[in-house]
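Please open the structure in your viewer and keep the sequence panel within reach, since this tour moves from one selection to the next.

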Amino acid sequence: MPVSVEEALARIHAHRPKLRREFVPIEHAIGRVLAQDVTARYNLPPFDNSAMDGYAVICADAGKRVPAEHTIFAGDREQIRIVQGQAARIMTGARIPEGTECIVPIEEVTVDGAHVTLPATLRAGQHIRLCGEDIQTDDTLLTLGETLSAYHITLLASQGITHVCVYHRPRVAIFASGSELKMHHEQVAPYQLYNTNSPTFAARATELDCDVHFVGTAADTLDALLEHIDSALQSDLIITSGGVSVGDADYTKEAFAHFSFAPLFEKVDLKPGKPTTVGTIGDTLVLNLPGNPMAAALCFELFGQALIACLSGTNAPYHNSIGAKMKQACSVRPGRRTLLPGYYDGTHFSVCEKFAPGMITPLALSNGFIMLDEACHTLGENDEVRFIPTRFVWRSGTPVSLVSTTEG
């Protein structure tokens with residue numbers, strides 16, 4: 001009995017895989033998921049410092065001509081004190097002299113030899129960066145489950161942190177089944193096809209920061225499938241395509257049953273991609289996708305992304321969607337959840353002009369898809385829909401609606 005998309009995703013997210021941890025240099029931590037909180041070691045700034053090139057002054061000297069005999073550079077160790085009737089030249093980032101009440105930018109003073117004439121109005125605290133105003137010692141900088149970006153590395157470097165504890169990248173093994181399939185580096189006969197699914201899923205899993213292993217293309221025989229499965233079992237996730245329908249040569253399910261495969265679900269009430277199956281062999285998750293390229297790719301985006309998110313340890317494992325408006329009207333056959341590939345321009349979503357489960361061109365032309373409610377048969381121009389991106393990762397810490405429900 002097919003399960004709903006929501007039930008399929010709920011079963012995936014209810015699964016709790018074993019996650020492994022390692023320490024990596026921060027230079028190699030982009031895209032990795034933190035396996036523990038990170039706490040600040042130091043205040044930032046570590047001392048009061050100047051936000052401008054200018055002069056350190058006392059507010060009572062507003063409008064006066066005062067001597068400025070000292071120049072303070074960033075990194076100077078010497079600490080001086082200024083008093084009323086005195087100024088000090090100071091550079092951006094330099095430590096504030098004792099007694100300073102504000103910094104006057106250099107362009108706001110008149111310089112006369114060793115003296116400067118100050119503006120008529122001075123404001124206390126102006127252009128002074130206070131110790132700890134950005135980060136204070138023991139602040140929580142980053143939390144368990146965050147995916148590290150370049151600007152997270154900024155935080156880590158500011159604290160002198162050289163290594164962080166992260167979860168291992170999910171190990172993903174990929175193969176396709178089909179005696180008619182050849183790899184793109186091989187010659188094909190007139191009765192054969194190139195295997196596009198395996199390179200596609202290898203590329204997408206790499207984009208999703210997985211450790212990817214391609215284990216070949218299996219012929220449509222039980223022995224060939226058993227051999228490929230056995231070679232993939234050291235992975236966290238096995239992704240296959242083809243052989244999950246009901247044809248005479250579809251042995252994928254039989255082959256996985258030899259390894260005590262335990263299904264989470266075996267069919268989804270979805271078009272395209274109804275035969276999609278997810279389960280486990282011990283600690284290894286398995287995603288069996290249909291062989292038709294577009295159907296397989298769209299189901300990968302729904303279920304493969306969810307599996308990889310769970311294996312990554314991220315604190316935002318759920319798909320997110322973006323509100324969009326239909327650029328043109330569209331009609332579909334109701335009765336089952338339907339996935340429509342297309343392009344989102346920041347405001348409107350356009351469904352691909354041509355698409356079918358066996359096509360590949362819509363995958364290259366689209367940057368995401370929408371999922372129509374089973375009762376929906378018509379979408380009008382400017383109707384609201386929920387766009388699910390494929391060119392970038394857009395996730396949530398809690399489940400959100402992915403379904404477009406507009407009815408004509």
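Begin with the second largest cavity, whose lining residues divide into 5 nonpolar, 3 polar and 1 charged. Bear in mind throughout that the model is predicted. To bring this cavity into view, select Q305, H319, N320, I388, P389, F392, V393, W394 and R395, which line it; the space they enclose has a volume of about 50 Å³.

Next, select K18, L19, R20, Y167, H168, R169, P170, D236 and L311, the residues that line the largest cavity. Its volume is about 60 Å³, and its lining is made up of 4 nonpolar, 1 polar and 4 charged residues. The count of cavities of 30 Å³ or more comes to 2.

From the cavities, turn to the largest pocket, which holds about 340 Å³ of space. Start by selecting T200, R204, A297, E301 and L363, which, of the 20 residues in the lining, lie nearest the centre of the pocket. Then colour α3 (197–207), α6 (293–312), α7 (361–365) and β27 (368–372), since each of these elements supplies at least two residues of the lining. Which element gives the largest share of the lining? It is α3, with 6 residues. Sorted by class, the lining of this pocket has 10 nonpolar, 6 polar and 4 charged residues.

The remaining stops concern the backbone. Most peptide bonds are trans, and most residues other than glycine have a negative phi.

Select L44 and P45, which are joined by a cis peptide bond with an omega of about -5°; P45 is placed in the loop between β2 (38–39) and β3 (49–50). Then move to K271 and P272, where a cis peptide bond, again with omega about -5°, joins the two residues, and where P272 is found in the loop between β19 (270–271) and β20 (277–281).

Now select D138, which is not a glycine and yet has a positive phi of about 80°. D138 lies in the loop between β10 (128–129) and β11 (140–142). Is D138 buried or exposed? With a relative accessibility of 60%, D138 counts as exposed, because the cut-off for that class is over 50%.

Finish at N382, in the loop between β28 (378–379) and β29 (384–389), where phi is near 75°, a positive value in a residue other than glycine. The relative accessible area of N382 is 40%, so N382 is classed as partly exposed.

Key
Residues numbered from 1 in each chain as written. Predicted model: local features only at pLDDT ≥ 70, side-chain atom pairs only at ≥ 80, totals over all residues. Heavy atoms only, no water. 1 Å grid on protein atoms, 1.4 Å probe; cavity = no way out; pocket = protein on both sides within 12 Å on 5 of 7 lines; lining within 4 Å. Points joined across faces, edges and corners; volume = space filled by probe spheres on them. Nonpolar A, V, L, I, M, F, W, Y, C, P; charged D, E, K, R; others polar. Helix = DSSP H or I, 4+ residues; strand = E, 2+ residues; numbered from the N terminus. Buried < 20%, exposed > 50% of the residue type's maximum accessible area, 1.4 Å probe, protein only.
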